[in-house]
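Hello,

Here is the structure I promised to pass on to you. Please open it beside this email, and then read on for what turned up in it.

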Amino acid sequence: MSRTTAGSRWVLPALVAAFILVAVAEVWLLTFVGSRIGLLPTLVILIVEALVGSWLLRREGSKAWTALTQAYTTGRMPTGELADAGLVLLGGIMLILPGFFTDVIGLFFLLPYTRPLARKSLGFLIARQAAKSGVDFSVIKAKYGPGTVIRGETVDDPAASTEPTAKDVVVQGEIEP
């Protein structure tokens with residue numbers, strides 16, 4: 001059995017256990033808060049959180065989408081922008097869902113002040129898990145910054161003809177500034 005197969009066997013049961021654990025914690029916390037402040041104030045808090053979550057999702061989502069499309073149009077690799085868009089989407093969904101634990105995590109993902117910390121934390125966890133599973137990062141590390149010069153030479157192909165053929169169209173004229 002390969003290392004990847006053995007390592008990924010626990011992922012599905014862990015996700016199921018996490019979903020069950022979060023649901024139980026949410027129900028417990030909702031019951032606890034509801035018994036302390038009453039049913040109506042608890043429902044009002046949940047509705048306000050959902051409305052604030054949808055407003056934040058719309059506002060931060062449009063900012064993340066603008067940054068993502070701007071990165072694509074300028075030719076940059078949109079790694080941070082793509083992560084921000086994913087975190088905004090996940091945070092908005094968590095804020096719209098009823099519950100207090102998911103709301104705290106959703107705010108952590110959605111707010112522009114805490115999102116960079118969430119992005120770095122999740123990136124660290126993903127990189128650590130990938131390193132455990134045997135992913136070789138030395139291939140990915142080769143980056144070229146702006147202004148990097150790669151030395152090389154241009155070689156003319158003697159078989160290529162510079163004369164236009166019958167299927168080529170030649171347009172003559174002048175370009176005016």
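Below is a short tour, beginning with the charged pairs and moving on to the surface and two of the helices.

One thing to keep in mind from the start is that this is a predicted model.

**Salt bridges**

Side chains of opposite charge can pair when their charged atoms come close. With a cut-off of 4 Å between a side-chain nitrogen of Lys or Arg and a carboxyl oxygen of Asp or Glu, the count here comes to five salt bridges.

A good one to look at is the pair of Glu60 and Lys63, whose closest N and O atoms are 3.7 Å apart. Both residues belong to helix 3, which covers residues 39-73, and because they are three residues apart there, about one helical turn separates them. Their surroundings are worth a look too: Glu60 has 2% relative accessibility and so counts as buried, while Lys63, at 48%, counts as partly exposed.

Next comes Glu81, which meets Arg76 in a salt bridge with an N to O distance of 3.1 Å. Glu81 is buried, with a relative accessibility of 15%, and Arg76 is partly exposed at 44%.

Then there is the salt bridge between Arg119 and Asp84, where the closest N and O atoms lie 2.5 Å apart. This pair links distant parts of the chain, since Arg119 sits in helix 6 (residues 115-132) and Asp84 in helix 4 (residues 79-96), 35 residues apart. Arg119 is partly exposed, with a relative accessible area of 26%, and Asp84 is buried, with 16%. Elsewhere, salt bridges with shared partners join Arg59, Glu60, Lys63 and Arg115 into one network.

**A nonpolar patch**

If you turn to the surface, you will find a nonpolar patch of about 490 Å². Leu40, Val44, Val48, Val52 and Trp55 make up this patch. Leu40 is found in helix 3, and its relative accessible area of 62% makes Leu40 exposed.

**Helix 6**

How far apart are the end C-alpha atoms of helix 6? They are 26 Å apart, which agrees with the 26 Å that its 18 residues should span at 1.5 Å a residue.

Among the residues of helix 6, Arg115, Ala118 and Ala130 are buried. They cover an arc of only 95° around the axis, so they lie on the same side of helix 6. On the face turned away from that buried side, helix 6 carries the exposed residues Lys120 and Phe124. As for what the buried residues of helix 6 pack against, the partners are helix 3, helix 4 and helix 5 (101-110). After helix 6 comes Gly134, with a positive phi near 95°.

**Helix 2**

Helix 2 runs over residues 11-37, and its 27 residues should span 39 Å at 1.5 Å a residue. Its end C-alpha atoms are 38 Å apart, which agrees with that expectation.

Which residues are buried in helix 2? Glu26, Leu29 and Val33 are, and what covers the buried residues of helix 2 includes helix 3 and helix 5. Just after helix 2 you will meet Gly38, which takes a positive phi of about 105°.

Enjoy looking around, and do write back with any questions.

Best wishes

Note on methods: Residues are numbered from 1 along each chain as its sequence is written. This is a predicted model: local features need pLDDT of at least 70, side-chain atom pairs count only at pLDDT 80 or more; totals for chains, interfaces and linings use all residues. Side-chain values use heavy atoms; hydrogens and water are left out. Helices (H or I, at least four residues) and strands (E, at least two) are DSSP runs, numbered from the N terminus. Buried means under 20% relative accessible area, exposed over 50%, partly exposed in between (1.4 Å probe, protein chains only). Patches are made of residues with over 30% relative accessible area and no salt bridge: like charges are joined within 9 Å, nonpolar side chains (Val, Leu, Ile, Met, Phe, Trp, Tyr) within 5 Å. Accessible areas come from the Shrake-Rupley method with a 1.4 Å probe; for residues, only the protein chains shown count as cover. The expected span of a helix is 1.5 Å times one less than its number of residues. The arc is that of the directions from the helix axis to the C-beta atoms. Contact means heavy atoms within 4.5 Å.
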